[in-house]
Amino acid sequence: MKRNPRKVKWTKAYRRVHGKDMTQDSTFEFERKRNRPERYDRNLAENVLKAIPKIDKIRVSREERHHKNRMKGNKEKDRKEAKRELDTSIHLVKDPIASRDIKVNVTQQLPEENPLMEE
Amino acid sequence: MATRLKFENSCEVGVFSKLTNAYCLVAVGGSENFYSTFEAELSDVIPVIKTSIGGTRIVGRLCIGNKNGLLLPHTTTDQELQHLKNSLPDQVRVQRIEEKLSALGNCIACNDHVALTHTDLDKETEEVVADVLGVEVFRQTVAGNILVGSYCAFSNKGGLVHPHTSVEDLDELSTLLQVPLVAGTVNRGSEVIAAGMTVNDWTAFCGSDTTATELSVIENVFKLREAKPSAIVDEMRKSLFDS
């Protein structure tokens, strides 16, 4: 069964097309395919190897920022939803047996404690 | 000077090697004989480089180059690209191109000034060819075949084309390329000229099956006998002073 990845919710293709994940960033330029090679230079190679983890870190932090920006406008909505739920469906949450008052007979218990304390 | 050789029992020398005025690319064979022949002839003058393209040995048919540059198909791996760039002199520009017709050696024939290309080549590729190789590009057919890179081989001194090329076509191509052209065969009557031989300005390599007649035609049209004028002068001097 052939499914178009751009319509399948959990794929990277879907997320990129629908703006859930970051698409355009200068960090992606480092991984692009190049058709004009450079002559091998030891210093250049060393610098590149040092730069790779730095670029990775920057890319990850930018992706997190992108995600946070996307989720920003949600606080108000969440609070309103929570309030509505509290008003209408609290009976689903509260336990009728637990909310009943329990009477504790305090006077009977005191003489029982004395023999224990004497020992 | 034309040399006859074989690649692992195949006479199609032009398939497994690419010879230009500035470098020579050779395929990796089981034994070193093929590479040694090239090395013995050329290594004083130009670098001879063993390579593969896209993991294959048919380097002569996949790439195209002259003394200014080398063009490779999109199937070339990054490692091969880097190896070629490191091994070639700095004046040679190496570039990988994205082109549907990936056998560039079959689609394009060039020397240091002019190139003939397949009629269906992309416009961008034509521009890249003109830029990287520094040549003037013409879309042509040779004897009705669109694969110009296979059916003709030419250097800066002369050219050999498919045996069934008509005289008018021959004249037209000759004026376009500005070199003398001859219609002939290689490897005992094989029409695929560029697969059977590879040539530059001073030397040529043909398959072992090439007859003496074909070889003499090649040496005449590519002017290989006069290639080392110093040798001729030395011979003359020896005969003059011999008593």
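**Figure 1. Strands β5 and β6 of chain B pair in the antiparallel sense.** In this predicted model, strand β5 (residues 64-65) of chain B is joined to β6(B) over two bridges; two strands count as paired if DSSP finds at least two bridges between them. Strands (E, at least two residues) and helices (H or I, at least four residues) are DSSP runs, numbered from the N terminus. Within the pair, B:G65 has B:L70 in β6(B) as its bridge partner. The two strands form a hairpin, with three residues between them. On its other pairing, β6(B) is joined by four bridges to strand β7 (residues 93-96) of chain B, and these two run parallel. Here B:L71 stands opposite B:Q95 in β7(B). How are the faces of strand β6 (residues 69-72) covered? Both faces are covered, since B:G69 and B:L71 on one side and B:L70 and B:L72 on the other are all buried. Buried means under 20% relative accessible area, exposed means over 50%, and partly exposed lies in between (1.4 Å probe, protein chains only).

**Figure 2. A salt bridge links strand β7 and helix α4 of chain B.** The side chains of B:R96 and B:D78 meet in a salt bridge, with 2.9 Å from N to O. A salt bridge is a side-chain nitrogen of Lys or Arg within 4 Å of a carboxyl oxygen of Asp or Glu. B:R96 lies in strand β7 and B:D78 in helix α4, 18 residues apart, and the pair links distant parts of the chain. B:R96 is buried, with a relative accessible area of 2%. By this rule, the count over all chains comes to 16 salt bridges.

**Figure 3. A salt bridge between A:R39 and B:D90 crosses between chains.** The closest approach given for this pair is 2.9 Å, N to O. A:R39 lies in the loop between α1 (12-17) and α2 of chain A, and B:D90 in the loop between α4 (78-87) and β7 of chain B. A:R39 is partly exposed at 35% relative accessibility, whereas B:D90 is exposed at 57%.

**Figure 4. B:E126 forms a salt bridge with B:R139.** The closest N and O atoms are 2.5 Å apart. B:E126 lies in helix α6 (residues 123-132) and B:R139 in strand β10 (residues 136-139) of chain B, so the pair ties together parts that are 13 residues apart in sequence. B:E126 is buried, with a relative accessible area of 16%, and B:R139 is partly exposed at 33%.

**Figure 5. Strands β2, β3 and β4 of chain B form an open sheet.** The order is β2-β3-β4, and the pairing is mixed. β2 (17-19) and β4 (48-51) are the edge strands, each pairing on one side only. Strand β3 (residues 24-27) is joined to β4(B) by four bridges, and the two run parallel. B:V26 stands opposite B:K50 in β4(B).

**Figure 6. A second view shows the open sheet β11-β12-β13 of chain B.** This sheet has three strands, and its pairing is mixed. Its edge strands are β11 (152-154) and β13. Three bridges join β11(B) to strand β12 (residues 159-161), and these run antiparallel. B:A153 has B:L160 in β12(B) as its bridge partner.

**Figure 7. B:E8 and B:R188 have positive phi values.** Most residues other than glycine have a negative phi. B:E8, which is not a glycine, has a phi of about 50°. B:E8 lies in the loop between β1 (2-5) and α1 (13-16) of chain B and is partly exposed, at 43%. For B:R188, also a residue other than glycine, phi is near 55°. B:R188 lies in the loop between β13 (181-183) and α9 (193-196) of chain B and is exposed, at 66%.

**Figure 8. Helix α3 of chain A lies largely in the open.** Of the 15 residues of α3(A), the number buried is zero. At 1.5 Å a residue, helix α3 (residues 74-88) should span 21 Å, and its end C-alpha atoms are 21 Å apart, which agrees. The expected span is 1.5 Å times one less than the number of residues.

**Notes.** Residues are numbered from 1 along each chain as its sequence is written, and chains are lettered from A and ligands numbered from 1 in the order in which they are written. In this predicted model, local features need pLDDT of at least 70, side-chain atom pairs count only at pLDDT 80 or more, and totals for chains, interfaces and linings use all residues, while side-chain values use heavy atoms, with hydrogens and water left out.
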